[in-house]
Amino acid sequence: MATLGVMGGGQLGRMFVHAAQRLGYLTAVLDPDAQSPAGLVSHHHIQTDYNDPAGLSQLSDLCQAITTEFENVPAQALQTLAQARPVAPGAAVVGIAQNRIEEKAHFAACADVSGVTCAPYAVIETQAQLQAVQDERPDLLPGILKTARLGYDGKGQVRVKNAAELAAAWAELGGVACVLEKMLPLTAECSVLVARGWDGQVVSFAPQRNVHVDGILAVTHAYEGNMPTALATRACDAAVAIAHHLGYVGMLCVEFFVVDDGSEHGGLVVNEMAPRPHNSGHYTLNACDVSQFDLQVHAMAGLPLPQPRQHSPAIMLNLLGDVWFDANGQPREPDWQAVLRLPGTHLHLYGKVQARTGRKMGHLTITGPDVASVKTVARRTADLLHLPGLEAI
Ligand code: ATP
Ligand code: MG
Ligand code: MG
C-alpha cells in the first residue's frame with residue numbers, strides 16, 4: 001500500500017488524511033504537536049519540527065508523494081523533500097503565497113491573463129519607505145497595514161485612517177516587512193477552489209461567497225445564485241489563469257473582493273491565495289460528489305482530476321471555540337442534539353481538546369433540496385449556537 005504524506009497536522013491535514021484513506025492510501029503526518037488533529041488519525045505521525053532533517057527524511061522515505069496543509073510550512077523543508085519525492089504544491093509557489101509582497105507581484109504579473117488586479121498598495125519594509133508612503137500615497141488611506149508574512153484570520157493586520165496611525169501601526173507590528181492596502185468598499189467576498197495536476201489539467205468549483213466576522217470566516221454560501229453569474233465566471237476564469245501562470249500542482253484557493261465601482265455587478269479584485277484546501281471549501285465534503293480534499297489527493301498522487309459536481313445547495317457555518325462558552329465565559333457543551341435534529345445538518349469536529357476564543361474547532365454544513373430550506377435551517381442553527389453572521393444568512 002502506498003503512503004501519502006502531509007506537512008502540518010491541523011484540521012485541513014485531518015480531512016486530507018480521511019480522503020486519502022478512503023482511496024486506500026496509508027498516510028504520514030509531520031507535525032510537532034502530539035495532539036494534532038491530523039496526527040491523531042494518521043497511520044504515521046512524525047512528531048518533530050518542520051525543519052528537522054531526520055523527520056523530513058523519515059517522511060520522504062515513507063511516502064510516495066507529499067503535500068502541505070498550512071501555508072507557513074518552511075519553503076526550505078518542501079525543497080528538501082522535493083529532492084527525494086514529488087511535492088505538490090512545490091516550494092517555489094508556496095513561497096510566493098507565504099509573502100504578500102511576492103503574491104501581489106505575481107497577481108500583477110498575470111493580470112493580463114487573469115483579468116483582475118489587487119487593491120492599490122505599497123510595500124513598507126524600511127523607515128524611508130514608510131516616510132515615502134506617508135508623503136506620497138494619501139490615496140492609500142484609510143487602509144489596512146498587513147504583515148507580508150505569517151498573517152492569517154486577520155492577525156498581523158491593523159486598520160489605519162491617517163499617516164500618524166500608519167506609523168504607529170508599523171511600529172506595533174514590529175517594523176517588519178508589510179504592505180499597506182487601500183481600504184476598499186466591499187460589497188461581497190468570494191473564493192474559488194482550483195485543482196491542477198502535474199500534466200496541467202485543471203478542474204474547479206463554482207465560487208463560494210464568504211462572510212467574515214472580525215477577520216475570520218464565519219459563513220460560506222455555496223449554491224447557484226450566491227452571486228451574479230457574470231462575476232462568478234470572471235472569478236473562476238481568473239483563479240484558473242492564476243493557477244496556470246504559477247505552474248501550480250495541487251489544490252489552490254484564490255480569494256476575491258467584490259467592490260462597488262459603480263458598475264452593474266461591481267468590480268472583482270483579487271485578495272490573496274492559499275496553497276492548499278481552504279476553510280471556504282469545506283462544504284464540498286457534503287454538497288459535492290468530489291471534495292476539495294479528494295482533489296488534493298488526486299492531484300498529488302497523479303490520478304485523473306474528476307470535474308466535481310455539486311448535488312445540493314449548501315451553507316457552511318464555522319464553529320469557533322467561542323461556541324463552547326456561555327455569555328459569562330463559563331465552559332459549556334454546545335447543544336448538538338438540537339442541531340442534529342434539524343434536517344441536513346452535517347457536523348464536523350476536528351478533535352481539538354482545548355476550546356479557545358477564535359480557535360477553529362469544527363464546522364457545520366447545511367444541505368437541503370433548495371436554497372430557501374438550507375437558509376432556514378442555517379438560521380435556526382446559528383441561532384441555537386449563538387453564531388455570528390446570522391444576519392448575513
Ligand atoms: P485568511 O485567514 O483568509 O488568510 P488574512 O489574515 O490573510 O485572512 P485577508 O484575507 O488579507 O487576511 O483579510 C481578512 C479580511 O479583512 C478580508 O477577508 C476582508 O474582509 C478584510 N479586508 C482585507 N483587506 C481589505 C481591503 N483592502 N479592503 C477592505 N477589506 C479588506
Ligand atoms: Mg491569508
Ligand atoms: Mg483571507
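# Exercises on a predicted three-domain protein

The protein is divided into domain 1 (3-87), domain 2 (120-182) and domain 3 (186-392), with bounds that come from an automatic or database domain assignment. This is a predicted model, in which local features need pLDDT of at least 70 and side-chain atom pairs count only at pLDDT 80 or more, while totals for chains, interfaces and linings use all residues. Residues are numbered from 1 along each chain as its sequence is written, and chains are lettered from A and ligands numbered from 1 in the order in which they are written.

**Exercise 1.** State how many helices and strands the protein has, and why it counts as compact or not.

*Solution.* Step 1: the protein has 13 helices and 17 strands; helices (H or I, at least four residues) and strands (E, at least two) are DSSP runs, numbered from the N terminus. Step 2: the radius of gyration is 21 Å, close to the 21 Å of the globule rule for 393 residues, so the protein is as compact as a globular protein of that length. The radius is taken over C-alpha atoms, and the rule is 2.2 Å times the number of residues to the power 0.38. Step 3: the C-alpha trace spans about 60 × 50 × 45 Å along its principal axes. Step 4: the C-alpha centres of domain 1 and domain 2 lie 35 Å apart.

**Exercise 2.** Decide whether Asp 49 and Glu 255 are buried or exposed, and list their contacts.

*Solution.* Step 1: a residue is buried if 20 or more other C-beta atoms lie within 10 Å of its own, exposed if 12 or fewer, and partly exposed in between, with C-beta atoms placed from the backbone. Step 2: Asp 49, in the loop between β3 (44-46) and α2 (53-62), has 14 C-beta neighbours inside 10 Å and so counts as partly exposed. Step 3: Glu 255, in strand β13 (residues 250-259), has 20 such neighbours and therefore counts as buried. Step 4: two residues are in contact if their C-beta atoms, placed from the backbone, lie within 7 Å. Leaving aside neighbours within four places in sequence, Asp 49 is in contact with Pro 32 and Gly 55, and Glu 255 with Glu 189, Ser 191, Asn 271, Glu 272 and Met 273.

**Exercise 3.** Describe the largest nonpolar core and name the helix that gives the most to it.

*Solution.* Step 1: a nonpolar core is a set of buried Ala, Val, Leu, Ile, Met, Phe, Trp, Tyr and Cys residues joined through C-beta atoms within 7 Å. Step 2: the largest has 87 residues, and those touching the most other members include Phe 16, Leu 180, Ala 239 and Phe 256. Step 3: helix α9 (residues 229-246) gives the most to this core, with 10 residues. Step 4: apart from this core lies another, of 25 residues, among them Leu 217 and Met 361.

**Exercise 4.** Find which residues of helix α3 (residues 75-82) are buried, and what they pack against.

*Solution.* Step 1: the buried residues are Ala 75, Ala 77, Leu 78 and Leu 81. Step 2: these residues cover an arc of only 155° around the axis, which puts them on the same side of α3; the arc is that of the directions from the helix axis to the C-beta atoms. Step 3: the buried residues of α3 pack against β1 (3-7), α2, β4 (65-68) and α4 (91-97).
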